[in-house]
Amino acid sequence: MPRLTVVYDNKTNGSLQSGWGFSCLVEQEDKKVLFDTGWDGQAVLDNLGQLEIDPETIDILVLSHHHWDHIGGLSHILHAARNLKVYVPSSFPQNLKSEISRYAEVVEITDSCEIMQGIYSSGELGIKPPEQSLIVRGNTGFFVVTGCAHPGIGPILENASSYGKVIGIIGGLHSLEEMEMLEDIQYIAAGHCTRRMEELQALYGDRYIPIFSGYSIDF
Ligand SMILES: [Zn+2]
Ligand SMILES: [Zn+2]
């Protein structure tokens, strides 16, 4: 059963550190995929330590988009990891791709594809800036992991639905102009840059889950 753990978020409810940004660990059998790095790399490493995750054991780092609050911790992770592959939107700045390739293998993503068994990239969606989400297969359906959701949750969920039934979404959901798209989603785990949290809660009650550094779900 895959597990999603929020490593870094704007909020915390315990001993883990919080800060503007997002980072989420996906564990699938013995594989570990880190999605985004928050802005404060030392805080991300400290949080991983508290979660008893050795950064050397991370297999893949996926960067959703190049905003500072998602790639700020990048150099800390590159230094702490071993044999890391870094999946970036192909539209990433060329200089950034070159810098990353000094430490890790860079994989450029344009179209939706499988990253490893049961874990997929949405491919680049949107233009301001292009952003990729992760789509993770669980026992009863798929979870979508978003960075800021700049492309809008409509296109993100539509893309993810091509893999199967989406039961959950976790991450920054940004402006939520298409809030009604969440109608059939069982787990609305909103954090980071999500605006309109009160409306989400009013509309979706118990299905709305306010996330924080340290939040985790098996599905
Ligand atoms: Zn952003
Ligand atoms: Zn963000």
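A nonpolar core is here a set of buried Ala, Val, Leu, Ile, Met, Phe, Trp, Tyr and Cys residues joined through C-beta atoms within 7 Å. All views show a predicted model.

**View 1. The largest nonpolar core and V144.** This core has 62 residues, and those touching the most other members are C24, V26, V62, V144 and V145. Leaving aside residues up to four places away in sequence, V144 is in contact with S133, I135, I156, L157, A160, V166 and I169.

**View 2. The open, mixed sheet of 7 strands.** The strand order is 6-5-4-3-2-1-14. Strand 6 and strand 14 (216-218) are the edges; each has a single partner strand, so one side of each lacks a neighbour in the sheet. Ignoring direction, neighbouring strands are turned against each other by 20° on average.

**View 3. Strand 5 between strand 4 and strand 6.** Of the 5 residues of strand 5 (residues 85-89), 4 are buried. Strand 4 (residues 60-62) runs parallel to strand 5 and is joined to it by 3 bridges; L61 has V86 as its bridge partner. On strand 6 (residues 105-109), strand 5 pairs over 5 bridges, again in the parallel sense, with K85 opposite E105. The connection from strand 5 to strand 6 passes through helix 4 (residues 94-101) as a right-handed β-α-β crossover.

**View 4. Strand 1, strand 2 and helix 1.** Strand 1 (residues 3-8) and strand 2 (residues 23-28) are antiparallel and joined by 5 bridges. Y8 lies opposite S23 of strand 2. Helix 1 (residues 41-50) packs on the sheet, where it touches strand 1 and strand 2. The direction of helix 1 makes about 135° with that of strand 1.

Technical notes
Residues are numbered from 1 along each chain as its sequence is written. Chains are lettered from A and ligands numbered from 1 in the order in which they are written. This is a predicted model: local features need pLDDT of at least 70, side-chain atom pairs count only at pLDDT 80 or more; totals for chains, interfaces and linings use all residues. A residue is buried if 20 or more other C-beta atoms lie within 10 Å of its own, exposed if 12 or fewer, and partly exposed in between; C-beta atoms are placed from the backbone. Helices (H or I, at least four residues) and strands (E, at least two) are DSSP runs, numbered from the N terminus. Two strands pair if DSSP finds at least two bridges between them. A crossover is right-handed if, with the strands pointing away from the viewer, the path from the first strand over the helix to the second runs clockwise. Two residues are in contact if their C-beta atoms, placed from the backbone, lie within 7 Å. Axes are lines fitted to C-alpha atoms, for helices over the stretch in contact, and angles run from 0 to 180 degrees between N-to-C directions.
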